[in-house]
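Q: I have a structure open and have not looked at it before. Can we go through it in short questions and answers?

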Amino acid sequence: VYIYSIIYRKEVPTNKSPFMQHIIETMREKRYAKRTIEAYIYWMKFYINFHNKQHPAQLNDSDVEAFLNFLVNKRKVAAQTQAGALNALSFLYKVIIEKPLTLKLNFVRSQRQQKLPVVLTVDEVKHLLEQISANYYLTASLLYGSGLRLMEATRLRVKDIDFVSIYHPMKIKPPAQPPSHLTKPTESYIRLTNPSHPPLLQ
């Protein structure tokens, strides 16, 4: 049983370009995450459009440097964003075009730091959860109470939930443990979506 996302989950955009479709299929074969594929395709398209839609095989290291400089000088992107663009282009040239970029690329590195998230107080979180509709309350509460990331929560399955606080010694990451006040609501949700499921709490 999956706990549904609190946002609409977009699929990798379809691409009429055979070249882009080939990149997507290659990344899927290599088991890249859907979000990584989306990000890489975005940066590759941006790069191609930046160079007036020239094929990347016709471009070289200096063109990559110009694009990375543009991101910093004109778009004022953070260092993490620039690094993401570089990773996408490194994959493009190494895996797809089979002409790896030089390790000595000369470009302006962003000095802008990524914005830190605002941390809410316990009372602010409580007030926020009170405003969330019943359909999404359990998912949002698990995000806060269990420290799950969004995609971890949307893909959460029954077998991933620890109701008895016993972790398997061989698992690198323990199962998600709902806060005590969410244990019964979580089981109620599971029984609602799958009435035939056996009781989880003994």
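Q: Is glycine 84 buried or exposed, or somewhere in between?
A: Glycine 84 is partly exposed, at a relative accessible area of 22%. Buried means under 20% relative accessible area, exposed means over 50%, and partly exposed is in between, using a 1.4 Å probe and protein chains only. This is a predicted model, where local features need pLDDT of at least 70 and side-chain atom pairs count only at pLDDT 80 or more, while totals for chains, interfaces and linings use all residues. Residues are numbered from 1 along each chain as its sequence is written, and side-chain values use heavy atoms, with hydrogens and water left out.

Q: Where is glycine 84 found?
A: In helix H4. Helices are DSSP runs of H or I with at least four residues, strands are runs of E with at least two, and both are numbered from the N terminus.

Q: How far is glycine 84 from alanine 39 in space?
A: Their C-alpha atoms are 8.0 Å apart, with the two positions 45 residues apart in sequence.

Q: OK, zooming out. How many helices and strands are there?
A: The protein has eight helices and zero strands.

Q: And how much of the protein is buried?
A: Of its 202 residues, 36% are buried.

Q: Which residues have the most contacts inside the largest nonpolar core?
A: Ile23, Val64, Phe67, Leu71, Leu92 and Tyr93, in a core of 29 residues. A nonpolar core here is a set of buried Ala, Val, Leu, Ile, Met, Phe, Trp, Tyr and Cys residues joined through side-chain atoms within 4.5 Å.

Q: Which elements give two or more residues to this core?
A: Helices H1 (18-29), H2 (34-50), H3 (61-73) and H4 (79-96). H2 gives the most, with eight residues.

Q: What does isoleucine 23 touch?
A: Setting aside residues up to four places away in sequence, isoleucine 23 touches Ile41, Met44, Phe91, Leu92 and Ile96. Contact means heavy atoms within 4.5 Å.

Q: Let's follow isoleucine 96. Buried or exposed?
A: Isoleucine 96 is buried, because its relative accessible area is 14%. It is found in helix H4. The C-alpha atoms of isoleucine 96 and isoleucine 23 are separated by 6.9 Å, although the two are 73 residues apart along the chain.

Q: What else is isoleucine 96 in contact with?
A: Beyond its neighbours within four places in sequence, its contacts are Phe19, His22, Ile23, Thr26 and Phe91.

Q: New topic: salt bridges. How many?
A: The count is three. The rule asks for a side-chain nitrogen of Lys or Arg within 4 Å of a carboxyl oxygen of Asp or Glu.

Q: What does glutamate 25 pair with?
A: Arginine 28, at 3.3 Å from N to O. The two are about one helical turn apart, because they are three residues apart in helix H1. Glutamate 25 is partly exposed at 34% relative accessible area, and arginine 28 is partly exposed at 44%.

Q: What about lysine 34?
A: Lysine 34 forms a salt bridge with glutamate 38, with the closest N and O atoms 3.6 Å apart. Both lie in helix H2, four residues apart, about one turn of the helix. Both are buried.

Q: Which residue does glutamate 38 bridge to at 3.9 Å?
A: Arginine 35, taking the closest N and O atoms. Arginine 35 is partly exposed, at 39% relative accessibility. Shared partners join Lys34, Arg35 and Glu38 into one salt-bridge network.

Q: Switching again. What is the phi of arginine 31?
A: It is near 65 degrees, a positive value in a residue other than glycine. Arginine 31 is in the loop between H1 and H2, and counts as exposed at 77% relative accessibility.

Q: And the phi of lysine 76?
A: That one is near 55 degrees, also positive in a residue other than glycine. Lysine 76 is in the loop between H3 and H4.

Q: Last one. What does the side chain of threonine 154 reach?
A: The backbone oxygen of methionine 151, at 3.0 Å. Threonine 154 is found in helix H7 (residues 150-154). Threonine 154 counts as buried, because its relative accessibility is 3%.

Key. A polar contact is a pair of N or O atoms within 3.5 Å; within protein, one must be able to donate a hydrogen and the other to accept it, and residues adjacent in sequence count only if both atoms are side-chain atoms.
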